[in-house]
Amino acid sequence: MTQSLSRRAVLGSSAALALAAMAAGPARAQTITLRLSSPASPTDQRAVALTEVFAPAIADFATFEPHWNASLFRQGTELEAIARGNLEMSIASAQELAVFFPEFSVFASGYLHRDAAHQVAVFNSPVMDPYKAKVEAELGVKLLTVMYLGRRNLNLRIDKRVMTPDDLAGVRLRMPGTDAWQFLGSALGANPLPMAFTEVYTALQTGAIDGEDNPLPTVRDAKFYEVIKQIVLTSHLVDLNYLAFSKQVWDGLGADRQARLVAAADAAAEAGRQRQLALEGELVAFFRGQGIDVYEPDLAAFRARVQAAYLASDYSGSWPAGIVDAINAL
Ligand code: KDO
């Protein structure tokens, strides 16, 4: 991803905004507008849950104004927009946060989170406290809750059967645009290519890429199944997103509204999580019905290759001592 600003500049401008907010005192507007920008579609279950659960729960003091399909900010620039005071909310990935804070790469590691419940346990555990505090203090972003996107698999337009990482040699695999995402593509054995989510359908259709990775509900929602031949159930990342919120706006709310905001975010995340999990249970049969070859590869081979790649990488050097054991113990 091309960062238009240096990390230092963004972090500096965020600190200046925080100081300005403090100088202005605890402003308590009766209603506020919360603009959210995301590449997610309006029919993505996280989007549905935010619209149907989050928005009504805070409607008496906030107007939720979502901009889906990256129609306000392009994918990967939303956190910078929040830090600069140009946006109030986004659905942020750990890979995007790792651009600013490399230690977030641990939550972007393949084969680390076990399932949706494990994500929630990690997010609510003391392991996350220093992470949350740093993002608030240095980027001006509050992480309200954790949302479940699903188990990422390989969605390929090529015929070649993929059972091990070696079978991905030379395969042009689209991954989202940050370094941490690209690293995961390499760790899987493929040739990763950065590309925005909104461009993936056309790239699969035209053959500009051989495949991409995303969970089953996304493959259906974005209609990728129309332009792929096979789904390899690698489950290489139990993928999460954080609901990111402007710390400047947060600081202008009273304790009561802050608590209601978090409760609404948690309720929406839980509703979205249950819908995504239900879809994951149903969709293999749906895709097979569409003529797509869906199969499980040699998972032990993928897990071993990916975990070894992370432990040997510079990323693991940025992780707090003992964090992998602490996460595994949860
Ligand atoms: C994607 O670009 O493949 C990805 O799945 C990455 C996620 O972190 C998330 O941003 C998601 O896209 C978008 O919300 C679109 O579903």
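**Close-ups of the ligand site**

**View 1. Polar contacts to the ligand.** In this predicted model, the side chain of Q75 puts an N or O atom 2.9 Å from an oxygen atom of the ligand. R174 does something similar, with a polar side-chain atom 2.7 Å from a ligand oxygen. Look for N241 too: one of its polar side-chain atoms lies 3.2 Å from an oxygen atom of the ligand. On its own the ligand has 370 Å² of accessible area, and the protein covers 99% of that.

**View 2. The shell around the ligand.** Here you get the 15 residues around the ligand, with R46, Q75, R152, R174 and N214 coming nearest. Sort the shell by class and you find six nonpolar, five polar and four charged residues. As for where all this happens, the ligand sits in the largest pocket.

**View 3. Two domains and the ligand.** The domain assignment splits the protein into domain 1 (2-149 + 239-279) and domain 2 (152-237 + 281-328). Why does the ligand lie between them? Both domain 1 and domain 2 give residues to the shell around the ligand, so that is where it ends up in the model.

**View 4. Where the domains touch.** Zoom in on the contacts between the two domains and you'll see 33 residues of domain 1 in contact with 38 residues of domain 2. Measuring from C-alpha centre to C-alpha centre, domain 1 and domain 2 are 25 Å apart.

Note on methods
Residues are numbered from 1 along each chain as its sequence is written. This is a predicted model: local features need pLDDT of at least 70, side-chain atom pairs count only at pLDDT 80 or more; totals for chains, interfaces and linings use all residues. Side-chain values use heavy atoms; hydrogens and water are left out. A residue is near a molecule or strand if one of its heavy atoms lies within 4 Å of it. A polar contact is a pair of N or O atoms within 3.5 Å; within protein, one must be able to donate a hydrogen and the other to accept it, and residues adjacent in sequence count only if both atoms are side-chain atoms. Accessible areas come from the Shrake-Rupley method with a 1.4 Å probe; for residues, only the protein chains shown count as cover. On a 1 Å grid over the protein atoms alone, a cavity is a set of points where a 1.4 Å probe fits but cannot get out, and a pocket is an open set with protein on both sides within 12 Å along at least five of seven lines; lining residues have an atom within 4 Å of a point. A molecule sits in a cavity or pocket if more than half of its atoms lie within 2 Å of its grid points. Ala, Val, Leu, Ile, Met, Phe, Trp, Tyr, Cys and Pro count as nonpolar, Asp, Glu, Lys and Arg as charged, and the others, Gly among them, as polar. Domain bounds come from an automatic or database domain assignment. Contact means heavy atoms within 4.5 Å.
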